Amino acid sequence: MDASIVIISLPAIFRGIGLDPLSPGNIGYLLWMILGYLLVSAVLVVVLGRLGDMFGRVRIYNLGFLVFACASVALSLDPFRAGAGALWLILWRMVQAFGGSMLTANSAAILTDAFPARQRGMALGVNQITALAGQFLGLLAGGLLAAVDWRAVFWVSVPVSVTGTVWSYLSLRETAGDRRGRIDWLGNLTFASGAGLLLAAITYGIQPYGRDATGWGNPWVLAGLLGGGFLLLLFCYVETVVAEPMFRLALFRVRAFAAGNLAALLTAIARGGLQFMLIIWLQGIWLPLHGYDFEDTPLWAGIFMLPLTVGFLLAGPLSGYLSDRFGARLFATAGLLLVAASFLGLLTLPVDFSYGPFAALLLANGLGQGMFSAPNTSSIMGSVPSEYRGVASGMRSTFQNSGTALSIGVFFSLMVSGLASSLPSALGEGLRSHGVPAGAAQLAASLPPVSTLFATFLGNNPVEHLLGPGGTLAHLTAAQRATLTGHTFFPRLVSGPFHHGLTVVFAVAAGMAVVSAVASASRGRHRLPDEPGLRAPLPGRTPTGSPLDERGSR
């Protein structure tokens with residue numbers, strides 16, 4: 001919930017610190033507020049999962065709650081304004097992500113240790129689905145709290161994290177013994193720097209560069225992509241030669257582990273693209289067309305997306321329970337096929353849709369993701385020996401977090417590229433036809449499409465943002481101002497270009513869901529035993545043992 005609550009509250013946060021995030025020099029603050037948390041989470045979860053294996057999962061988990069609580073307090077007490085205030089929030093969000101990574105890297109491993117195989121799917125189902133539902137409930141909570149005070153967005157984390165810190169220290173006990181070993185310093189360094197460079201390059205690739213709508217031609221972005229890729233390749237080599245690697249590459253020889261993580265990565269990319277595109281679709285076009293003020297659209301977007309969360313909550317625990325009895329492959333694969341079908345259904349909707357079919361498709365998407373998530377997590381965690389569950393949990397979280405970060409880069413770039421080809425001419429012509437001087441219209445139309453896209457994402461009136469600072473609106477008649485800044489001018493103007501972008505995005509997401517379903521179906525029918533007393537695999541070798549079928553019986 002805390003990972004997404006800031007997304008919907010960004011307009012109130014930036015107003016509170018007195019910073020315009022859409023001015024050319026401030027877009028970086030906006031992107032780092034969104035992506036900084038994801039970047040830290042994606043980079044650190046494997047490291048912290050490995051440390052949990054070595055020094056105790058509960059110990060690292062408890063420390064994570066404490067770090068998270070301290071960062072939440074610091075965020076709510078931001079003493080600065082403008083750029084300094086934004087940097088304070090970005091840095092403490094990264095510290096918060098560090099604490100959150102301690103939690104997510106070890107929570108699945110703790111549950112896997114605590115529950116027998118016949119109950120593990122249900123336990124992980126509750127854990128996973130509440131986490132996924134929290135991502136979407138954060139959008140609703142952010143809209144509600146931002147209307148009260150922007151600091152309330154961070155206050156809400158304080159009592160929860162403080163209570164969680166005390167509760168975890170008092171109640172959680174280690175159920176798996178420590179497995180002391182040496183820290184893989186070279187592996188940690190190459191992975192953290194490689195993944196960090198890659199995700200940072202994606203962050204700057206979304207921003208305009210020179211005359212280009214995106215920054216993928218920026219030499220620094222290209223250097224970051226190539227350098228990050230090289231460091232990750234070097235990391236893979238390092239992990240094959242060190243005595244005690246951080247990233248157990250041998251685990252990928254276990255088919256259930258490899259297939260489950262591939263499916264999770266592609267599903268995370270598709271899910272992240274869905275979340276951001278739905279927010280922009282609702283806030284920038286559909287809600288204004290139906291009479292909602294731009295300032296109110298963040299809250300209502302969260303409300304109208306609730307069928308997605310309902311689907312998660314209905315399907316997750318139930319599919320986790322049933323997968324304990326009948327196996328993970330059927331439910332995970334069927335769920336992904338349902339997700340793909342819902343994406344294809346969204347392709348058929350017009351921009352100004354009827355809410356009933358839209359809600360039904362969101363519900364189907366949520367049900368499909370709920371059917372997939374818990375059985376897939378149970379299959380991944382049940383396929384590895386107990387002493388490697390911490391690092392396996394971290395690797396699983398890395399793929400999910402990286403998928404979400406990649407989705408923003410992939411789908412925002414697809415949308416911005418689509419808008420760049422048609423939005424400037426449509427915007428310039430529309431402004432001139434309503435009395436805007438040719439020079440002012442040309443200037444507004446020449447601004448990067450990413451600014452217009454983020455204006456709708458933040459619940460700002462894009463035309464007011466484009467024309468207001470220069471005083472152009474003040475020189476127009478009252479009727480012209482009312483038309484340009486009304487609910488329908490901008491949504492109708494961009495509906496054509498935006499719908500083309502949506503078609504590309506949802507088609508790509510549907511394709512990813514189908515590939516994920518194929519990967520899920522290939523996970524096989526067997527997994528490794530995890531009962532006490534069975535021999536664990538040697539470090540660096542493929543885990544072996546007498547196979548169990550998907551129900552956990554021999």
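Here are three short exercises, each with a worked solution, on a predicted model.

**Exercise 1: an aromatic pair and its neighbours**

Task: Work out what kind of aromatic pair W286 and F304 form, and which parts of the chain the pair ties together.

Solution:
- Start with the general idea: two values describe a pair of aromatic rings, the distance of the centres and the angle of the planes.
- For W286 and F304, the ring centres are 5.4 Å apart and the planes stand at 75°. Centres within 6.5 Å make a pair, and an angle over 60 degrees counts as edge-to-face, so this pair is edge-to-face.
- Next, place the two residues. W286 belongs to helix α10 (residues 255–289) and F304 to helix α11 (residues 297–304), so the pair links parts 18 residues apart in sequence.
- Now follow F304 to another partner, Y355. Their rings are also edge-to-face, with 5.0 Å from centre to centre and 70° between the planes. Because Y355 sits in helix α14 (residues 355–382) and F304 in α11, this pair ties together parts 51 residues apart in sequence.
- Are these residues buried or exposed? W286 and F304 are both buried. The relative accessibility of F304 is 14%, under the 20% limit for buried. Y355, at 27%, is partly exposed.
- Finally, step back: W286, F304 and Y355 belong to one aromatic cluster, with W281, Y292, W300, F343, F353, F358 and F506.

**Exercise 2: two packed helices**

Task: Describe how helix α3 packs against helix α7, and sort the residues of their contact by type.

Solution:
- Two packed helices are described by the angle between their axes and the distance between the axes.
- The axes of α3 (residues 57–76) and α7 (residues 157–171) lie 8 Å apart, at an angle of about 155°. Angles over 145 degrees count as roughly antiparallel, so α3 is roughly antiparallel to α7.
- The crossing of α3 past α7 is left-handed.
- Residues of α3 in the contact include Y61, F65 and F68, while those of α7 include V158, G164 and Y169.
- Sorted by type, the residues of this contact are 11 nonpolar, seven polar and no charged.

**Exercise 3: the surroundings of Y29**

Task: Find where Y29 lies and which residues it is in contact with.

Solution:
- Y29 is part of helix α2 (residues 27–55).
- With a relative accessibility of 22%, Y29 counts as partly exposed.
- Setting aside neighbours within four places in sequence, Y29 is in contact with F14, L19, G83, A86, L87 and I90.
- Take A86 from that list: Y29 and A86 are 57 residues apart in sequence, yet their C-alpha atoms are 6.6 Å apart in space.

Note on methods:
Residues numbered from 1 in each chain as written. Predicted model: local features only at pLDDT ≥ 70, side-chain atom pairs only at ≥ 80, totals over all residues. Heavy atoms only, no water. Phe/Tyr/Trp six-rings, centres within 6.5 Å; stacked < 30°, edge-to-face > 60°. Helix = DSSP H or I, 4+ residues; strand = E, 2+ residues; numbered from the N terminus. Buried < 20%, exposed > 50% of the residue type's maximum accessible area, 1.4 Å probe, protein only. Axes fitted to C-alpha atoms, helices over the stretch in contact; angles between N-to-C directions. Parallel < 35°, antiparallel > 145°, perpendicular 65-115°, else oblique. Left-handed = near helix turned anticlockwise from the far one by under 90°. Contact = heavy atoms within 4.5 Å. Nonpolar A, V, L, I, M, F, W, Y, C, P; charged D, E, K, R; others polar.
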